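Here's a quick tour of a two-chain model, written for someone who likes to see the cut-offs. Have the viewer open while you read.

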Amino acid sequence: MARKSKIPEPTPDPEPASSGSDSEQEYDSEAEGSESNDGSSSEQDSVADSFDDGEDFESQGSSDDDEDVLKRQGDESDDDSFDGEGGVQILDTEVLDAPRQWKRDVLGSKKADETGDGEKVDPEKVKAVAAYMHTDDLSSDDEDPEGINNRIGRIPLHWYDDYEHIGYDAHGSKVIKSAQGNMLDQILQNEDDADGKKYTVYDALNAKNVQLTERQIQLIRRLQSGAFAHPEHDANPDYIDYYSGIPEISGINSNRYEKKSRFQPSAFEKLQVRRLLHRLKCGSINMDFLEGKVRDMNDYKKCQEDSDKPFLLWKGDEEDELALRKGPQHIAPPKQPPPGHALSYRPPEEYLPSREELEEWEKLDPEDRPYGNFVPKQFDNLRSVGAYEHAVKERFERCLDLYLCPRVMKRRLNIDPESLVPRLPRASDLRPFPTTKCIEYKDGEVGAVRCLSVSPEGQFIVSGGEDGIVRLWEVQTGRLVRKWNLGDVLTNVVEKEDEKSEEDNETLKPKKPITSIEWNPNRSHHCIIAGVGKCAVIIATGTGGIDDAEVTDALLSDAMSVKGGGNIAAESRAAKAVKWISLKKYNKQDASNSSPISAFGGSAGPIALLQTNRDVASVRWHRKGDYFVTVSPKAGAAAVLIHQLSKAASQQPFGKTKGEVQLACFHPMKPFLFVASKEHVKVYHLVKQVMVKRLLSGCRHISSLDVHCSGDHLVVGSLDRRLVWFDLDLASTPYKTLKYHERALRSVGFHPRYPLMASAADDGSIHVFHSMVYSDLMRNPLIVPVKVLKGHAVTNSLGALTMVFHPTQPWLFSAGADGKIHLFQDL
Amino acid sequence: MRLKNLRDIKPSLFPPSKPNHNHRPSTIIDHEQINRNSQPQLLHRFSTTIADLSNHHPNKYKQTMDSSDEENTTTKLRISLHLAPGVKPQNSDGTTLEIPSDPIAVPCNIRKRGLSAVVNHLLGRNVVNDSGSNSDDNEEDSLSSLLPPIAFDFLLSSKLLRLPLESAVRKEGLSTEKAIELHYFPARLPPIKEGEGENFPDWVTSLDYTDGVLFAGCADGVVRSFECGDKGMNRKAVRSVGAHTGQIHCLTSIAFGNDDSLLVATGSMDQTLVTHLYDNSTSSKSSGLDLHAVYSGGHGNSITSVAMCNEADNGVVMASGDWDGGLVIWNVPTSSTNETNAEETEESSSKRQKGSSKKKQAHPKSIREAKPKTSTKAHSSNIFGLCFGYQSPTTLLTSSWDHSLKVYDVERMDCILTTNGSRVITSMSRCMNGNIVATGCADNMVRLWDMRVGNGGNVGSMGQIADKTLRQSHTAWVSDVQWSPTDPFVLSSNSHDGTLKVWDIRSSVPLHTVNAVSKKGEKALCLAFGDGYVYSGGSDCVVNQFACKV
């Protein structure tokens, strides 16, 4: 869309050898060069060089070659006399004929005519230049990326003549007319442009001067000269004669004869066709299959078959009906038993009732009769069987049964009872535990052994029995080391103390059994406490070494020299309940047994005696070996008494107690006291003097109690054969209640080191359990029965009365009513 | 062919070789084999014997030969017999025990007794026990000229043969292609009870034997000594001394000083440890057992074990263990030392019990009070077994109720090795020539430990010991175990079940079992080896003597 204002303006020749006239100034330096220096070989060489430079482009664009170059060079010299005027005119007309040639442009074109006079354009040169410049894309200069050009469209430009703007750009803002310089300015400008070899045209639409590129100039020149606008276009290409008209034989094997089979029908195809025909005849395929409408004949046949079958017309409605039906699930009525031989028209003889049986039958209630109302009868043939008289009635009753009797589906759980039993580890994996009786502790005729206790090191055991004698045994050899007759001691003391009270003497006459005994758990306190009759007796064992003997003596010194019923405040409750009596003066009668076992043992034998109001049932030490608790169940409020041995003092912790206290025992770590009545266990905090917990055992008569060494678990045995395990952290109800003994439980206990628990019962057996208590609070204790130890005969319906574990080994001592003490060990 | 006893062997052993017999006689010894091995003199003797016998018993061999065809079908094993190394080739009566070691074939299921008969036969001895098993008068006449048989024991790859030969070979994994090498040696005879000592007032709880003197510690705290000669011990205790007020737990004795006096140490339940001097030479003194020294200050509990050992510089070092696991090392004061402070110690020991103080008054000069050299808590429970290491008084083996066995270095007083078992150890004894230890356990077992092995452990890797441990044979607590002082393979144990068993560690079953107590139900508690005798004491309050000869 180049609009020219002063187009083909002569450009100044940059060449030093250029001619002086302005009019002869050429557009093209080369053209001018060739024009001015005619036949100059040097010039031609330079032109050829320039062409050589442009060879790359030539080869791309057209079919120019060296010949063409030579030709063009030849043409240069030939066409020197080419009239440049015509070219300009053509250019002018062309410009004038352009569709957007407006009035104003005419002026400009005239100007251009003036300036363009005398110019000579060599088309061949132009062509060469065009070829040279072909690198440039022929892109239009219409492109207006900035959008600052005038966008008024195809309207006459003179409409804007009266305005100071010429239109609007892409952004809608006015495009202001550029100031039209005067002629002088234009001339000066043209001069400058000519110097710079610039050709400028005036763009009327945008009202600005546009500098023409070389390519555009070339195009213009070519058009002016009447050549094709594009220099690349070869108007007269060389003729290539493709069809020579001479027949030629060529190609590979083209002169061979083709095989005959090429021209004959294929045998294989024939075979295939025959097969298909055969299948068509057989009916295994049909034309639809051949035409590809049916892919698989099997499916086709199936469809055919299905379509032949009758189908449910109302299919689907039925299901709806089933789904819609409400009410209980259908339950089939119970079937009637099939008819047996008795219902036969000709039953065997044995089914026919005799007369007596018939009479009996008559007497029976109709419901109890064997076949209801039917009486078996014999007929010769089926024909002679008459109608059954009760048929209607029986049918009616059956119908009544079916209608009126509600039928209920009984769900039967199909569970293997074995699977409900918890899976326990095998006992053999939980070794060691006591299994075998190995040592028996014998000393002639002793009555039932009621209680046992092991020394803290496990060297000795003490036993107390029905005969009131405390025996000290060596564990290893089973040798009886010492024995102390507490019955005699008691008799002596009470006789002297209570000379006047005759009725008390009467009651004391029969030998008092030793009900409870315990070795001091402190290793350096070598003494035992035993409950016998109304009293608790402190016995020094004399087993201590040099150091321990001193400690023990110091511990016992107060009790040994106690006077006036002990160091109890007179006004306290305990003063009435208990009286400490030193046994120093009564000790002489049994010299051999009062000598200590150890050479350094200090005193040995009964040291002091605590007399309570009622029979002592249980004595238990505190773990530190200074305090101990005695329980006299019948003593009411003074049932539980806590004593301090080192001070020979006692205290009565409870003012009143509900129920009959059976047992009491200290917590192994905390200042708690467990007090068991017949049915529950109460936990008291000794420092705060409050009840912490009340454990409901569910037993009727608690007979024994032991605390796990961790202090968090408690096991309780009862006379109603139950063993109850309490997890003190868990609840006040039992963690587990086990009922496996055949008779009343007499003793339960934990092993202080191994995860073992055992219970002794009146059936003479001792059950040993693996009782693993995990330190992980989330895991419940594992209780696995591992062994039943039998070794005690049941005498006077009493069996194993007591059991106690060895403190360091997985061994168990047990004693029973038959007077035997056994050591069971692991094997 | 199953050989139940020697009577079964005999007929086939001496088959008739009459020429009119076409049958190939059934023999234990393969004739062809012997022929092939060219044993002229043996064959000669063999044939003569056979000839002799066949004259007497024509009928009998006919019977045997009738069944001989069947018996030929039984497979046979080739064995070669050697006298076991270390056994004297001459018997006590001067006859040789050696036989040629060339291979012979024997039935595969032959047992110890059958092989014993073979060896006896090859030695030219009577193959029949002269215990009246033979009822045939003629035969007795003919064999009376032969020497009595010797019972032999056989070693198959250093284990005692207790199974039929083939099963034993298979168990050992030996090849039957080659001749199986068997070593034989005269079997150890069962201990024979040869009387008992006088009845004591209380249990005999510990025994020890040194240089012809047997010491017995009793539960009443009295130490008694017996003199033992070749004929065994005196029935009456020669000397006795009340050493303790409590039951004696342990007793050990050792030759002491340059003269023939012996030192006997006793530890007791009354927590005292004393040594007495037994003077062989003094016949003038009323009591030959004099209180030598009192050891105080080391233990705070019952003393359960004591061991003594001679040191290089003629001194004696003593170790004692108590119930609490405390281990104390003492230097036994020699007679040359401490004379000066005798008076002082007399006063200082005035706290002691009456029995000792009486002694003290009688011989005030000889009493010394020793203080512990070192003491440590070696175990967590009572030490029931102490012995010094083999040829090294610096190592001490201890065993305890806490299931462990430890080796202590006496000088540094630290534990070198700890071996944990699973059972309570009630007694321990060391082999005479090595640190192999036998322990008696509360689970009725006798266990063997090789303390030479770095990690301890039950004996298993040792080539010489048959099984990993000896099989359970006792039916109650093993109360004492003692190793034979003469034979490194033999040990003896007794138990609360009242039996005494003699074991050869090359076999897992005991060699012999005898009743060690006089009454049923009593417990055997202690054991001591003497010269050719074994002594056992228990709750029957007597010391039983058993002749235990090879």
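## A bare helix

Helix 10 of chain A is hardly covered: none of its 16 residues is buried, the count being zero. Buried here means 20 or more other C-beta atoms within 10 Å of a residue's own, exposed means 12 or fewer, and partly exposed is in between, with C-beta atoms placed from the backbone. Helices (H or I, at least four residues) and strands (E, at least two) are DSSP runs, numbered from the N terminus.

The length of helix 10 of chain A (residues 267-282) checks out, because 16 residues at 1.5 Å each should span 22 Å and the end C-alpha atoms are 22 Å apart. That expected span is 1.5 Å times one less than the number of residues. Right after helix 10 of chain A comes Gly283(A), with a positive phi near 95°.

## What you're looking at

This is a predicted model, so local features need pLDDT of at least 70 and side-chain atom pairs count only at pLDDT 80 or more, while totals for chains, interfaces and linings use all residues. Residues are numbered from 1 along each chain as its sequence is written, and chains are lettered from A and ligands numbered from 1 in the order in which they are written.

Chain A has 21 helices and 33 strands, and 37% of its 827 residues are buried. Take the contacts in chain A between residues at least 6 apart in sequence: 57% of them join residues at least 24 apart. A contact means that the two C-beta atoms, placed from the backbone, lie within 7 Å.

## Where A meets B

Across the interface, 19 residues of chain A are in contact with 26 residues of chain B. On the chain A side, strand 5 (436-441) and helix 19 (546-560) are the elements giving two or more residues, and helix 19 of chain A has the largest share, with three.

By class, that side of chain A has seven nonpolar, eight polar and four charged residues. Nonpolar covers Ala, Val, Leu, Ile, Met, Phe, Trp, Tyr, Cys and Pro; charged covers Asp, Glu, Lys and Arg; the others, Gly among them, are polar.

## Core and strands

The largest nonpolar core holds 232 residues, and Ala530(A), Phe674(A) and Leu214(B) touch the most other members. Such a core is a set of buried Ala, Val, Leu, Ile, Met, Phe, Trp, Tyr and Cys residues joined through C-beta atoms within 7 Å. Leaving aside neighbours within four places in sequence, the contacts of Leu214(B) include Phe226(B), Met233(B) and Tyr535(B).

In strand 11 of chain B (residues 239-242), Arg239(B) and Val241(B) point to one face and are buried, while Ser240(B) and Gly242(B) point to the other and are not. Strand 11 of chain B pairs with strand 9 of chain B (residues 222-229) in the antiparallel sense over four bridges; pairing takes at least two DSSP bridges. Gly242(B) is the bridge partner of Val222(B).

## Backbone oddities

Most residues other than glycine have a negative phi, and most peptide bonds are trans. Arg431(A) and Pro432(A) are joined by a cis peptide bond, with omega about 5°, and Pro432(A) sits in the loop between helix 16 (417-420) and strand 5 of chain A.

Ser158(B) isn't a glycine, yet has a positive phi of about 55°; it counts as partly exposed because it has 14 C-beta neighbours inside 10 Å. His403(B) also has a positive phi, near 75°, and lies in the loop between strand 22 (392-400) and strand 23 (404-409) of chain B.
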